[in-house]
Amino acid sequence: MRHAVYGLPPMDLAEVPGDAVQYSPLIPGAARLEDLSENSLDAATVLAPPGTIERRYVLAQVLRALGPGGRMVALAPKDRGGTRLAKELATFGCVAADQPRRHHRICTTERPQDPAGLAEAIDEGGPRHVDNLALCTQPGIFSWDRLDPGTALLLANLPVLKGRGADFGCGLGILSRAVLASDAVTAVTLVEIDRRAVEMARRNVADPRATIHWADVRAPDVVPDLLDFVVTNPPFHEGGAEDPSLGRAFIARAREVLRPGGTLWMVANAHLSYEAALREVFRAVTVAVQANGYRVYEARR
């Protein structure tokens, strides 16, 4: 019995076989959901993502891959799409048993004989070119259809950089594209935990000086050391909850890979207390600019 799992469902809410294959794009090394062939799965367990377009895309891809009568358990927190799961499955022709439990909704269904609307949902949630960004992107990626205001502030205040550097949490590659506009930059390592963003960044950053990794910045041996600069707009949510420890981990990793005298350029929401964490590990820290609820930090090793 081939079983797929998408994400990390709470163990006490959904039983996942030990040999289930992981397909979440947020878990480096996972298989690609898009590569599943039709009728290739017997069962699937899906921790459904919060965004409507992304969630319907994932559900449709799983239903496409399930064989006739294949079973799917889909669940989500009530306030992150769970209350809409049963209705969304119904639009695909599924009859779902909807069970509330521990602030989640758990829907169990079988693949209908003739699912409806799968191609449309897959098309809507797939990669596309967004004109206002002039970039390739996909729903579900951070700030997938607009320029994040924090990134915009950092872009407006970045100096011309030179030497070897890295872009932590590169997303679509917007910061790296700006950095690589300088001929004095010799190499940039882009690191991103979202496989979809990595695939889009490889389209958007067509520069031989760029190396792009699908990895967690916090993992060892991902980024070369003795770098001249690091740029980052670090995430501060994990599992839907605000978690400033992510930004602190990015700061610590930047300190590890920068050469003496190297510089970290970082933007973050002003309410996040990163200045103390920066001063603990960097020789000199300044707030280059504060505007629109964001701060841009320059930290020199």
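Two strands count as a pair when DSSP finds at least two bridges between them, and that idea runs through most of the views below. The model shown here is a predicted one.

**View 1. Strand E9 sits between E10 and E12 in the sheet order.** Zoom in on residues 163-168, the stretch that makes up E9. How much of this strand is covered? Five of its six residues are buried, so call it mostly covered, with buried meaning under 20% relative accessible area. On one side, E9 runs parallel to E10 (residues 185-192), and six bridges hold the two in register as a pair. To find your place along that pairing, look for Gly 163, which has Val 185 of E10 opposite. On the other side comes E12 (residues 227-232), also parallel to E9, with four bridges between them. Here the landmark is Ala 166, which faces Val 230 in E12.

**View 2. A β-α-β unit links E9 to E10.** Which way does the crossover turn in this unit? Follow E9, then helix H5 (residues 174-179), then E10, and you have traced a right-handed β-α-β unit. The two strands of the unit are parallel to each other, as their six bridges show.

**View 3. Seven strands make an open sheet with mixed pairing.** Reading across, the order is E11-E10-E9-E12-E15-E17-E16. Strands E11 (210-214) and E16 (284-291) are the edges: each has a single partner strand, so one side of each has no neighbour in the sheet. From one strand to the next, the twist averages 15 degrees. Further along the order, E12 pairs with E15 (residues 258-269) in parallel through five bridges. Within that pair, Val 231 has Trp 265 of E15 as its bridge partner. Helix H7 (residues 245-257) packs on this sheet and touches E9, E12 and E15, with its direction at about 160 degrees to that of E15.

**View 4. Pro 235 sits in a loop and has contacts elsewhere in the chain.** The loop in question connects E12 and strand E13 (237-238). Is Pro 235 buried, partly exposed or exposed? Its relative accessible area is 36%, which makes Pro 235 partly exposed. Leaving out residues up to four places away in sequence, Pro 235 touches Leu 246, Gly 247, Phe 250 and Tyr 274. Also worth finding is Phe 142: it is 93 residues from Pro 235 along the chain, yet their C-alpha atoms are separated by 9.0 Å.

**View 5. A six-strand open sheet also has mixed pairing.** Its strands come in the order E2-E1-E3-E4-E6-E5. E2 (21-22) and E5 (97-101) are the edge strands, each with a single partner, so each has one side left without a neighbour in the sheet. E1 (residues 3-6) and E3 (residues 41-47) run parallel and share four bridges. Val 5 has Thr 45 of E3 as its bridge partner. Helix H1 packs on this sheet, with contacts to E1, E3 and E4 (66-77), and its direction makes about 155 degrees with that of E4.

**View 6. The residues of E1 are buried whichever way they point.** In a regular strand, side chains alternate between the two faces of the sheet. Which residues of E1 point the same way as each other? His 3 and Val 5 go one way and Ala 4 and Tyr 6 go the other, and all of them are buried. His 3 has Ala 43 of E3 as its bridge partner. E1 also pairs with E2, in parallel, over two bridges, and there Ala 4 stands opposite Val 21.

**View 7. Helices H1 and H3 cross in a left-handed way.** The axes of H1 (residues 52-65) and H3 (residues 118-125) come within 8 Å of each other, crossing at roughly 135 degrees. That angle falls between the perpendicular range, 65 to 115, and the antiparallel one, over 145, so the two helices are oblique to each other. Among the H1 residues at the meeting point are Ile 53, Tyr 57, Ala 60 and Leu 63, and on the H3 side they include Leu 118, Ala 121 and Ile 122.

**View 8. Two loop residues have a positive phi without being glycine.** Arg 102, in the loop between E5 and E6 (104-110), has a phi of about 45 degrees. Leu 226, in the loop between E11 and E12, has a phi of about 55 degrees. Leu 226 is exposed, with a relative accessible area of 53%.

Definitions and conventions. Residues are numbered from 1 along each chain as its sequence is written. This is a predicted model: local features need pLDDT of at least 70, side-chain atom pairs count only at pLDDT 80 or more; totals for chains, interfaces and linings use all residues. Side-chain values use heavy atoms; hydrogens and water are left out. Buried means under 20% relative accessible area, exposed over 50%, partly exposed in between (1.4 Å probe, protein chains only). A crossover is right-handed if, with the strands pointing away from the viewer, the path from the first strand over the helix to the second runs clockwise. Axes are lines fitted to C-alpha atoms, for helices over the stretch in contact, and angles run from 0 to 180 degrees between N-to-C directions. Contact means heavy atoms within 4.5 Å. Angles under 35 degrees count as roughly parallel, over 145 as roughly antiparallel, 65 to 115 as roughly perpendicular and the rest as oblique. A crossing is left-handed if the near helix is turned anticlockwise from the far one by less than a right angle, and right-handed if clockwise.
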